[in-house]
Amino acid sequence: MYAIFENGSKQYKACVGDLLKVEKLNAEVGATVEFPVVLTADENGIACGAEVKDVKVICEVVSHGKDRKIIVFKYKPKKNERKKQGHRQPFTQVKVTAIGAAEKPAKKTAAKKTAKKPVAAEAEATPAAAE
């Protein structure tokens, strides 16, 4: 079984046990994160759209880092304009632990409390005299 999930305007293919580099997440190493699923595929077929609304990819944060450096070189001919710049994209490495429906917390069925109305003090007050 595999799933395609979305993070940071990018889509990733995930199987249980995969290590993936995703956009930088604001999560501690060892924390669990969930991603919404766009599509799933297994022996029963492919499911997408409303069928996978409740399905989540559950991952564990392994590490944070920066990707290899890329060189950005801007050049305009005959203008003596040159700009060389490097960039290292930050990422978070995650390990896929499970693919499935997200567990919803059980709703507590609290007994309805009957609200006692306070004794109305307005009934005891005398109406103001109008002049």
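This report covers the aromatic side chains of a predicted model and a nonpolar patch on its surface. Local features need pLDDT of at least 70 and side-chain atom pairs count only at pLDDT 80 or more, while totals for chains, interfaces and linings use all residues. Residues are numbered from 1 along each chain as its sequence is written, and side-chain values use heavy atoms, leaving out hydrogens and water.

Ile-71, Phe-73 and Tyr-75 make a nonpolar surface patch of about 340 Å². Nonpolar side chains join such a patch within 5 Å, if their residues have over 30% relative accessible area and no salt bridge (a side-chain nitrogen of Lys or Arg within 4 Å of a carboxyl oxygen of Asp or Glu). Areas come from the Shrake-Rupley method with a 1.4 Å probe. Tyr-75 belongs to strand β7, residues 70–76; a strand is a DSSP run of E with at least two residues.

Phe-73, at 49% relative accessibility, is partly exposed, and so is Tyr-75 at 46% (partly exposed lies between buried, under 20%, and exposed, over 50%).

The whole structure holds 3 aromatic pairs, with ring centres within 6.5 Å. In one of them, the rings of Phe-73 and Tyr-75 have centres 6.5 Å apart and planes at 15°, so they are stacked (planes under 30 degrees apart). Elsewhere, Phe-5, Tyr-12 and Phe-35 form one aromatic cluster.

Two lysines have their charged ends over rings, with NZ within 6 Å of the ring centre and within 35 degrees of the ring normal.

| Charged end | Ring | Distance from ring centre |
|---|---|---|
| Lys-13 | Tyr-2 | 4.5 Å |
| Lys-21 | Phe-91 | 4.6 Å |

Key. Patch = residues over 30% accessible without salt bridge, like charges linked within 9 Å, V, L, I, M, F, W, Y side chains within 5 Å. Helix = DSSP H or I, 4+ residues; strand = E, 2+ residues; numbered from the N terminus. Buried < 20%, exposed > 50% of the residue type's maximum accessible area, 1.4 Å probe, protein only. Phe/Tyr/Trp six-rings, centres within 6.5 Å; stacked < 30°, edge-to-face > 60°.
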